[in-house]
Amino acid sequence: MTSRKNIMAKRLTYKYHQDGEIPLPGTSDIFVFGSNLRGAHGRGAALVANDLYGAIYGVPRGYMNRCYAIPTKDRFMRSLSVFEIKQEVDRFIAFTLAHPEMTFWVTRVGCGLAGYKNHMVAPLFRGCGKNCNFPHQWKPFTR
């Protein structure tokens, strides 16, 4: 019989990438980025998502083309609270679990323009499907 601890250890075995790296051209990885509730993808990872992965202007959250938006700022570009970001991350977690055939390349959501530290945001992603690839800086917080 497999113990609960072993099951959790297997489930939480993620891959990691260097901050600033992006999925290689030709891969089907989904680029996960922080957005704002206006859906204006004009700076940081959101701009990369707009330019390279098909982020749709005016769409502030969820899956579109080759990317997934997680709001970290409100319509007035003020940072959402960690509690509000957690609600958005919970939607993402459910999506990763429902789509094991997809691979998600997660940026340091909330740690750029929204201004949060890695240790404040990374633990919110615990429980994602093992099909996620996180920034190396998040490794201590996503185990």
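Student: Take contacts in the protein chain between residues at least 6 apart in sequence: what percentage join residues at least 24 apart?
Tutor: First, this is a predicted model, so local features need pLDDT of at least 70 and side-chain atom pairs count only at pLDDT 80 or more, while totals for chains, interfaces and linings use all residues. Numbering starts from 1 along each chain as its sequence is written, and side-chain values rest on heavy atoms, with hydrogens and water left out. A contact here is heavy atoms within 4.5 Å. For pairs at least 6 apart in the protein chain, the part that joins residues at least 24 apart is 65%.

Student: Which pattern do the helices and strands of the protein chain follow along the sequence?
Tutor: Both are DSSP runs numbered from the N terminus (helices are H or I, at least four residues; strands are E, at least two). There are five helices and six strands in the protein chain. In sequence order they read α-β-β-α-β-β-α-β-α-β-α.

Student: And what is the radius of gyration of the protein chain?
Tutor: That's taken over C-alpha atoms, and the globule rule is 2.2 Å times the number of residues to the power 0.38. For 143 residues the rule gives 15 Å, and the protein chain comes close to that, so it is as compact as a globular protein of that length, with a radius of gyration of 14 Å.

Student: In what order do the six strands sit in the open sheet?
Tutor: Strands pair if DSSP finds at least two bridges between them. The pairing in this open sheet is mixed. Its order is β1-β6-β5-β2-β4-β3.

Student: Which are the edge strands?
Tutor: Look for strands that pair on one side only. Those are β1 (15–17) and β3.

Student: How many residues of β2 are buried?
Tutor: Buried means under 20% relative accessible area, exposed is over 50%, and partly exposed lies in between (1.4 Å probe, protein chains only). Ile-30, Val-32, Gly-34 and Asn-36 point one way from β2, with Phe-31, Phe-33 and Ser-35 pointing the other way, and all are buried. β2 is therefore largely enclosed by the rest of the structure, its buried count being seven of seven.

Student: How many bridges join β2 to β4?
Tutor: β2 (residues 30–36) and β4 (residues 67–73) run parallel. Phe-31 faces Cys-67 across the pair, and Gly-34 has Ile-70 as its bridge partner. The bridges between β2 and β4 come to six.

Student: On the β5 side, which residue stands opposite Val-32?
Tutor: β2 pairs with β5 in the parallel sense, over three bridges. There, Val-32 sits opposite Val-106.

Student: At about what angle does helix α3 run to β4?
Tutor: Axes are lines fitted to C-alpha atoms, for helices over the stretch in contact, and angles between N-to-C directions run from 0 to 180 degrees. Helix α3 (residues 82–98) lies across β2, β3, β4, β5 (104–106) and β6 (132–135). Its angle to β4 is about 165°.

Student: Last one: is Tyr-63 buried or partly exposed?
Tutor: Tyr-63 belongs to strand β3 (residues 62–64). Beyond neighbours within four places in sequence, Tyr-63 touches Ile-30, Tyr-68, Phe-95 and Met-102, and its C-alpha atom is 8.8 Å from that of Phe-95, 32 residues away along the chain. Because its relative accessibility is 40%, Tyr-63 counts as partly exposed.
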